[in-house]
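Please open the model in a viewer and keep the sequence panel visible. The tour below proceeds by selection, one stop after another.

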Amino acid sequence: MLTRLAIADLSKDAVVLPESFLEEFKKDNSAKVVMIYSNQSKTIHFFSLKNGTDWILKIQIEFFPPIRSSNVTKLLEILKERFDRIVFSTGICNYEENCIWEGYATNHILPDLDVVKQELAKVPELKDIKLSIQDA
């Protein structure tokens with residue numbers, strides 16, 4: 001089975017996930033689940049966290065348009081070198097007069113965020129880089 005469906009009643013105080021959904025996360029031997037709400041697509045994404053992972057890094061990058069694909073490739077190469085896993089990525093989204101990429105990453109150890117930011121700042125067309133730790 002590739003997918004499952006559940007319908008939630010938003011008029012109630014809380015939305016409860018079916019136990020069968022949660023069992024899939026428990027099979028991963030994970031005690032925590034990351035939940036990411038995407039404003040643009042109106043979707044919620046769930047990702048299991050490996051036991052012992054106690055942080056997620058939120059990465060927000062703003063580009064000057066137009067963006068060359070070679071620069072997006074450079075950005076992703078840097079992130080892949082520094083992080084074990086990118087758990088979610090918005091892709092490049094147009095926002096007002098700029099383009100934005102957002103993602104969340106984990107790693108077995110927290111890298112020096114100043115070094116990561118310096119490496120990312122070398123990529124042409126980047127306007128702003130924000131890195132923020134989210135405790136898990």
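**First stop: an exposed isoleucine**

Select Ile44: it counts as exposed because its relative accessibility is 52%, where exposed means over 50%, buried under 20% and partly exposed in between, with a 1.4 Å probe and protein chains only. The model is predicted, so local features need pLDDT of at least 70 and side-chain atom pairs count only at pLDDT 80 or more, while totals for chains, interfaces and linings use all residues. Residues are numbered from 1 along each chain as its sequence is written, and side-chain values use heavy atoms, with hydrogens and water left out.

Ile44 is located in strand β2 (residues 43-49); strands (E, at least two residues) and helices (H or I, at least four) are DSSP runs numbered from the N terminus.

**Second stop: the nonpolar patch**

Extend the selection to Val33, Met35 and Tyr37, which together with Ile44 form a nonpolar patch on the surface with about 410 Å² of accessible area. Patches consist of residues with over 30% relative accessible area and no salt bridge; nonpolar side chains (Val, Leu, Ile, Met, Phe, Trp, Tyr) are joined within 5 Å, and like charges within 9 Å. A salt bridge is a side-chain nitrogen of Lys or Arg within 4 Å of a carboxyl oxygen of Asp or Glu. Areas follow the Shrake-Rupley method with a 1.4 Å probe, and for residues only the protein chains shown count as cover. Which strand gives the most to the patch? Strand β1 (residues 32-38) does, with three residues.

**Third stop: the aromatic pairs**

There are two aromatic pairs, defined as rings of Phe, Tyr and Trp (its six-membered ring) with centres within 6.5 Å; planes under 30 degrees apart are stacked, over 60 edge-to-face and the rest tilted. Select Phe25 and Phe46: this pair is tilted, at 6.3 Å centre to centre and 50° between the planes. Phe25 belongs to helix α1 (residues 19-27) and Phe46 to strand β2, 21 residues apart. Phe25 is buried at 18% relative accessibility, whereas Phe46 is partly exposed at 28%.

Next, select Phe47 and Phe88, a tilted pair with 6.4 Å between centres and 55° between planes. Phe47 lies in strand β2 and Phe88 in strand β4 (residues 85-95), so the pair ties together parts 41 residues apart in sequence. Phe47 counts as buried at 18%, and Phe88 counts as buried at 11%.

**Last stop: the whole chain**

Finally, display the chain as a cartoon: three helices and six strands appear, in the order α-β-β-β-α-β-β-α-β from the N terminus.
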